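Hello,

Here is the structure for your files. My notes on it follow below.

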Amino acid sequence: MSPATNLRNALRALIPLAVACTFYLYLYPVFFGCAFPLPQTNDTAAAFQDTIRQHTFFSSSSAAPFRLLALGDPQLEGDTSIRNYNRESFPHLTWAIRHLTYKTEQPSLRKRLRQVVHDLVDVFFDDIPDTAESIRKRIDLFGNDFYLAHIYRTLRWWAKPTHVTVLGDLLGSQWIREKEFGRRSWRFWNRSFKGGERVPDEVAAYPADEYDVAGLLGVEDENAAAWRRRIINVAGNHDIGYAGDLTKERLERFERVFGKAAYELRFELPITNPLANATIYDPETNPESNRLIPELRIVNVNNMNLDTPAADQSLQDKTYAFVNDVINTASAVEYAGHFTVVLTHIPLYKPEGVCVDSPFFDFHAGGGVKEQNLLSADASRGFLEGIFGLNGDPNSPGQGKGRRGVVLNGHDHEGCDTYHYINQTEGDERQWRVMRWDAAKSSELPGRPGVPGLREITVRSMMGGFGGNAGLLSVWFNEKTWEWEFEFANCALGTQYPWWFVHILDLIVLIMLVVYGGLQAAAAAGFDIGKPPVAKTATPVSTNEDGQKKKHDHVSNGDTKKE
């Protein structure tokens with residue numbers, strides 16, 4: 001059987017498999033039914049159908065006006081994760097050659113040869129395994145960039161988010177030097193998140209009483225298109241370090257490449273119903289109303305140095321001032337219509353056993369936070385009681401119900417969905433408690449009178465080892481209650497191995513197609529590749545009695561020559 005025939009038979013089996021796998025990989029949100037939750041319903045099938053409608057009719061009247069694609073902890077590694085980084089691949093072979101060429105000092109020939117043998121042994125047991133692992137790691141880093149890109153690109157196309165955020169740990173280490181930081185940053189913007197843009201400094205605003213909105217929700221214009229490209233980057237410990245590692249230099253290089261580490265964005269939702277507009281608070285025409293113009297406030301908080309001790313006290317003071325200004329510029333808790341989305345990296349405090357990560361602190365010998373899993377309980381109360389205005393005292397403003405909102409963060413790669421609450425009926429013994437969101441819903445805690453609370457969503461990591469996850473947060477406005485509502489869904493691609501399998505399979509099929517095409521072209525040109533060449537044999541020459549050549553008559557097998 002010719003090589004072309006073998007290839008053709010193999011391609012008949014491999015092409016359908018490759019096409020099916022490629023369709024599955026590049027349309028994985030479709031196969032998994034991923035979609036942003038719809039307002040006023042928990043029907044995932046309806047949400048999926050609405051997403052299809054957006055792709056067929058290019059619009060949807062049911063989709064939430066604010067749809068946030070939340071990605072956690074990509075952690076781009078680099079050269080420092082490669083074994084033979086910054087050194088030659090076969091150092092023991094180099095030393096063996098130096099010994100043999102008498103470029104080293106040895107007391108005798110016997111010891112010189114002994115050292116050569118030792119170095120040659122180390123070539124097989126050290127150099128070759130290290131080089132092989134280093135090559136594998138370089139390929140892995142290259143592929144991982146595009147694995148992350150596949151998640152971002154595919155969900156951005158399919159789910160149609162209005163906004164995107166990466167919840168910290170964009171890079172894999174805060175200790176890398178400027179050159180390596182530049183290389184990883186380039187890979188972030190040109191591979192993993194190609195097409196994305198940092199939030200411009202003039203748009204990332206500092207909290208203030210007088211402010212300009214960053215855009216209108218539910219309105220399709222150039223500004224909305226710009227926000228679909230922008231990425232709200234949160235600073236993580238592997239980007240700028242914990243409180244004991246955070247320096248001005250690390251913070252400045254992060255902000256230069258990825259955007260400010262602390263700012264707010266305010267988006268307004270236009271109300272087209274004239275009757276509803278007439279109920280909005282106005283100091284002159286409607287001073288008794290508690291309804292404000294619907295507004296969604298995104299607060300990007302750098303919480304890496306909220307806990308003490310910190311290496312740079314001035315940076316910590318700036319963080320405290322920022323949080324205080326966020327609190328002081330928030331609307332009064334008695335008013336309705338505003339919603340706050342806090343984006344940060346380290347999760348709020350939780351007792352051991354609630355999530356995978358339990359409370360843990362480690363400190364440098366000279367002082368400063370070296371590592372932490374969660375914020376301290378005191379720092380967490382700054383979010384719950386400060387930014388969101390929740391209170392255990394029923395006689396506090398707004399009866400302690402606080403402001404509507406949600407906290408999104410990363411850091412715990414396993415992810416966690418929790419509900420923080422405080423029971424006002426417990427009197428002096430009341431304290432902040434937390435439980436899993438599903439358990440809280442089963443206990444009907446959210447919305448229960450006398451039990452103010454807040455949902456915190458720790459988005460599971462998008463790294464391949466954790467399943468390639470992405471969070472889908474939908475926020476919408478309920479004109480009847482004049483309150484914002486939200487829901488969250490997770491969409492996971494799966495580990496990186498299927499991604500590698502599909503692309504390797506596609507590459508093999510492509511190479512086979514090229515080879516098969518070459519064989520067919522050769523056959524068309526008259527070269528029979530599949531037929532082995534036949535050696536030509538010379539016909540024996542004989543002479544007659546006069547010395548002249550005697551002619552031989554050809555006789556086929558089975559024939560007899562007639563005289």
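These notes cover pockets first, then ring contacts.

This is a predicted model, in which local features need pLDDT of at least 70, side-chain atom pairs count only at pLDDT 80 or more, and totals for chains, interfaces and linings use all residues. Residues are numbered from 1 along each chain as its sequence is written, and side-chain values use heavy atoms, with hydrogens and water left out.

Pockets (on a 1 Å grid over the protein atoms alone, open sets of points where a 1.4 Å probe fits, with protein on both sides within 12 Å along at least five of seven lines; lining residues have an atom within 4 Å of a point):

- The largest has a volume of about 1,000 Å³ (space filled by probe spheres set on the points, which are joined across faces, edges and corners).
- Its lining has 42 residues; R404, Y419, P446, G447 and G453 lie nearest the centre.
- The second largest pocket holds about 750 Å³. Its lining has 34 residues, with A64, P65, R67, G218 and E220 closest to the centre.

Aromatic pairs (Phe, Tyr and Trp rings, six-membered for Trp, with centres within 6.5 Å; stacked under 30 degrees, edge-to-face over 60, the rest tilted):

- The count is 24. One of them, F188 with W189, is edge-to-face, at 5.0 Å between centres and 80 degrees between planes.
- F188 is buried (under 20% relative accessible area, 1.4 Å probe, protein chains only) because its relative accessibility is 0%. W189 is buried too, at 15%.
- Both belong to one aromatic cluster with Y152, F181, F193, F254 and F258.

Charges over rings (NZ of Lys or CZ of Arg within 6 Å of the ring centre and within 35 degrees of the ring normal):

- R98 lies over W95, 5.0 Å from the ring centre.
- R266 sits over Y211, at 4.0 Å.

Best wishes

Methods
Buried means under 20% relative accessible area, exposed over 50%, partly exposed in between (1.4 Å probe, protein chains only).
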